[in-house]
Amino acid sequence: MPKHHPSEEILMAYAAGSLPEALSLVVASHLTLCPACRAEVEAYEALGGSLMDALDPASLDESAFSSIMAEIDMLDSETEESAPWGGAMPLPRKPDMEDPSLPRPLRDYLQVDLTALQWRKVMRGVEDTEIELGPDGAKTRLMRIQPGVAVPKHTHHGQEVTLVLEGGYSDADGHYERGDVQIADPSVDHQPVADVGEPCICLVVSDAPMKMTGTFGRLLNPFVTY
Amino acid sequence: MAAMPKVSNGKADPGYLADLLVSVGRDRDRIAFAELFSYFGPRVKAYLMRQGAGEAQAEELVQEAMIMVWRRAESFDMSKSGASTWIFTIARNKRIDALRREKRPEYDPDDPALVPAAAEDADSLVEAAQQSERLSVAMKSLSSEQAELIRMAYFEDKAHGAIAEETELPLGTVKSRLRLALGHLRKALKEYQ
């Protein structure tokens, strides 16, 4: 089980639906690997339900209900023959990939298996490959670090959030393995060293300068002091 | 077509709401759906407007969300969540879709990579039916100031720093009060704690 988790504030923002897509991808992938955080998110969703319950109801247009029923009548007659009611609406699935170890939320963003990915050399022993998100997405990529390789000291312009998928690494803050999440502050001099044994593969989200609406930075800044 | 029945907009029993949702899923029960609509429609709209949707857009999204409720009702499992929680997540996803135009990555319970919960973890959570009940009791026991902090943090996408500015409270105070309030609510969700 993972030992390093997203902060409670991040988990709550995910449940509330206010976390940007890139960070949601990190959280959803972490949730796949972390039952404890799944339970946390469920509790925060229940909180959302009871907060919504407690809001002063807004008045709805009188025609709202009949428009809905008209649409439902149409839906019912359309689907009568093709699918019996309640057939779960399948999400569009990517063709099955061989590697079942990659969390599904992440797999959905990749077209191919980890082993078939095109890696781009960043420096000796370090490669990356970008993941395309929506237009406002932060820079999101997979990184592969060869066993024992130290990534040179670096600072970031914004926060950097890392989820370990395979292998592990250590830095001054601790040791990170599959499922662990690290949130690195820009002011922290960060020098991860990959474990010996197998390459370390991580999902890394960096704050995209200027392009963001600001949510990402606003959300993250207070966390790191937790 | 069924006319919209006169159902009170006031508090509804969570168990009753869950039963309505089950009837919609199992029997395509339109009367039950109408009752659900009259309770949740105005609340989903209030939620969407609090999140920044305009009147007309909120109205439209309520319709889309409630149609989704009709279509997905069969997947509602009352042992896993309350009706309010389930409908909240549908409204939330509609909002992300429409207002933010983003995807929302979610974990898949059938994912071969999923690490299952140990059995005792599952037991430590109160049954979903009781969960909503306990939460709303716990919410009522918060001070109005605490409750408002939680609403701001949850519904207005406000980070703690922004809340501090708005309430003119020191950041540390906002954090500790929020944490206290959330801890109180969390306790309501767990047995024997």
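This note reviews a predicted model with chains A and B, point by point.

1. Overall confidence. The predicted model carries an ipTM of 0.87 and a pTM of 0.85. For chain B, the mean pLDDT is 84, and 86% of the residues of chain B reach 70 or more.

2. The start of chain B. Residues 1-6 of chain B have a pLDDT below 50. In the model, this stretch nevertheless has 12 contacts beyond near neighbours in sequence. Where pLDDT is low, the predicted coordinates should not be read in detail. I would ask that any description of residues 1-6 of chain B state that the pLDDT there is below 50.

3. Contact between the chains. Chain A contributes 56 residues that are in contact with 66 residues of chain B. On the side of chain A that touches chain B, six helices are each represented by at least two residues: H1 (8-16), H2 (21-33), H3 (35-54), H4 (64-82), H5 (104-107) and H6 (215-220). Helix H3 of chain A gives the most to this side, namely 13 residues.

4. Composition of that side. The residues of chain A that touch chain B comprise 33 nonpolar, 15 polar and 8 charged residues. These figures describe the side belonging to chain A.

5. Strand S3 of chain A. Where does strand S3 of chain A lie with respect to the rest of the structure? This strand covers residues 139-145, and 5 of its 7 residues are buried, so strand S3 is largely enclosed by the rest of the structure.

6. Pairing of strand S3. Strand S2 (residues 126-130) of chain A runs antiparallel to S3(A), and 5 bridges join the two. Within this pairing, A:Asp128 is placed opposite A:Met143 of S3(A). Strand S9 (residues 200-206) of chain A also pairs with S3(A) in the antiparallel sense, over 7 bridges. Here A:Thr140 has A:Val205 in S9(A) as its bridge partner. Strand S3 of chain A is thus described with two pairing partners, S2(A) and S9(A).

7. Domains of chain B. Chain B is divided into domain 1, residues 14-100, and domain 2, residues 130-189. Their C-alpha centres lie 24 Å apart. The contact between them involves 6 residues from domain 1 of chain B and 4 residues from domain 2 of chain B. On the side of domain 1 of chain B that touches domain 2 of chain B, 1 residue is nonpolar, 4 are polar and 1 is charged.

Definitions and conventions. Residues are numbered from 1 along each chain as its sequence is written. Chains are lettered from A and ligands numbered from 1 in the order in which they are written. This is a predicted model: local features need pLDDT of at least 70, side-chain atom pairs count only at pLDDT 80 or more; totals for chains, interfaces and linings use all residues. Domain bounds come from an automatic or database domain assignment. Two residues are in contact if their C-beta atoms, placed from the backbone, lie within 7 Å. Ala, Val, Leu, Ile, Met, Phe, Trp, Tyr, Cys and Pro count as nonpolar, Asp, Glu, Lys and Arg as charged, and the others, Gly among them, as polar. pLDDT is the predictor's confidence in each residue, from 0 to 100. A residue is buried if 20 or more other C-beta atoms lie within 10 Å of its own, exposed if 12 or fewer, and partly exposed in between; C-beta atoms are placed from the backbone. Helices (H or I, at least four residues) and strands (E, at least two) are DSSP runs, numbered from the N terminus. Two strands pair if DSSP finds at least two bridges between them.
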